[in-house]
Amino acid sequence: MTARVLIVDDEPDIRELLGITLGRMPLETTYAVDLNSARAALSSKTFSLCLTDMKLPDGNGIELVEHIQADFNQIPVAIITAHGSTETAIKALKAGAFDFVSKPVDLQKLRELVKSALCLSDATSPEASLLEDIRGKASSTITGTSPKSPS
């Protein structure tokens, strides 16, 4: 099965560049121009990855990250933006983004990011199993014992 990537950007040239780049990997791409069309696409198809611009006509990429984390948390999301700052990157990562990339996009780095993200979203990959184990254990209570330290 070919992995499907949702590309969310209101700039046609960026959508086309990302689509061509990912199509050569080869990945199937679906495009959305704003939050509403991205939400509709997420409801109608299954995705392995989402790449979203930060600034969208009807909101921002962090809102989409939060939506995906709430309803489709198996989908890694990377935010791609020309309006990046350390503060914005931290907000995106805290919201659950997989990565934060500044424009102009280095296509080789984008390919590497996509490969890493797809390993995480592939339920059969060892990395995904490890991630699920970590997620499951993180919500468990951890107790332990250690020897007394000399006083």
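## Two cis prolines, a helix pair and two buried residues

P26 sits in the loop that runs between helix 1 (12-23) and strand 2 (28-32). The peptide bond leading into P26 from M25 is cis, with omega near -15 degrees. Keep in mind that this is a predicted model. As background, most peptide bonds are trans.

There's a second cis bond further along, from K103 to P104, and here omega is near 0 degrees. P104 is found in the loop between strand 7 (99-102) and helix 5 (107-121). Here are the two cis bonds side by side:

| Cis peptide bond | Omega | Loop holding the proline |
|---|---|---|
| M25 to P26 | near -15 degrees | P26: between helix 1 (12-23) and strand 2 (28-32) |
| K103 to P104 | near 0 degrees | P104: between strand 7 (99-102) and helix 5 (107-121) |

Now for the chain as a whole. You'll count six helices and seven strands, and going along the sequence they come in the order β-α-β-α-β-β-β-α-β-α-β-α-α. Of the 151 residues in the chain, 40% are buried. Take the contacts between residues at least 6 apart in sequence: 62% of them join residues at least 24 apart.

K103 deserves a look of its own. Like P104, K103 belongs to the loop between strand 7 and helix 5. Is this lysine, K103, buried or exposed? Its relative accessible area is 16%, and the cut-off for buried is under 20%, so K103 counts as buried. What does the side chain of K103 make polar contacts with? One partner is the side chain of E11, at 3.5 Å, and another is the side chain of D53, also listed at 3.5 Å. Leaving aside residues up to four places away in sequence, K103 touches D9, E11, I14, D53, I80, T81 and A82.

Over in strand 6 (residues 77-81) you'll find I79. With 0% relative accessibility, I79 is buried as well. The C-alpha atoms of I79 and T52 are 4.9 Å from each other, although the two residues are 27 apart along the chain. T52 is also on the contact list of I79, which, with residues up to four places away left out, runs to T52, D53, M54, G61, I62, V65, A92, D99, F100 and V101. D53 therefore turns up twice, touching both K103 and I79.

Some of those I79 neighbours, G61, I62 and V65 among them, lead us to helix 3. The buried residues of helix 3 (residues 61-71) are G61, I62, L64, V65, H67 and I68. In general, an α-helix has 3.6 residues a turn, so residues three or four places apart point the same way. At the N-terminal end of helix 3, N60 acts as the cap: a side-chain oxygen of N60 is 2.9 Å from the backbone nitrogen of I62.

Helix 3 also has a partner, helix 4 (residues 86-95), and their axes come within 9 Å, crossing at roughly 15 degrees. How do helix 3 and helix 4 run, roughly parallel or roughly antiparallel? An angle under 35 degrees counts as roughly parallel, so that is how this pair is described. The crossing of helix 3 and helix 4 is right-handed.

On the helix 3 side, the contact is made by I62, V65, E66 and Q69, which meet T88, K91, A92 and A95 of helix 4. These contact residues divide into four nonpolar, two polar and two charged. Three of the names are familiar by now, since I62, V65 and A92 also touch I79.

Terms used. Residues are numbered from 1 along each chain as its sequence is written. This is a predicted model: local features need pLDDT of at least 70, side-chain atom pairs count only at pLDDT 80 or more; totals for chains, interfaces and linings use all residues. Side-chain values use heavy atoms; hydrogens and water are left out. Buried means under 20% relative accessible area, exposed over 50%, partly exposed in between (1.4 Å probe, protein chains only). Helices (H or I, at least four residues) and strands (E, at least two) are DSSP runs, numbered from the N terminus. A polar contact is a pair of N or O atoms within 3.5 Å; within protein, one must be able to donate a hydrogen and the other to accept it, and residues adjacent in sequence count only if both atoms are side-chain atoms. Axes are lines fitted to C-alpha atoms, for helices over the stretch in contact, and angles run from 0 to 180 degrees between N-to-C directions. Angles under 35 degrees count as roughly parallel, over 145 as roughly antiparallel, 65 to 115 as roughly perpendicular and the rest as oblique. A crossing is left-handed if the near helix is turned anticlockwise from the far one by less than a right angle, and right-handed if clockwise. Contact means heavy atoms within 4.5 Å. Ala, Val, Leu, Ile, Met, Phe, Trp, Tyr, Cys and Pro count as nonpolar, Asp, Glu, Lys and Arg as charged, and the others, Gly among them, as polar.
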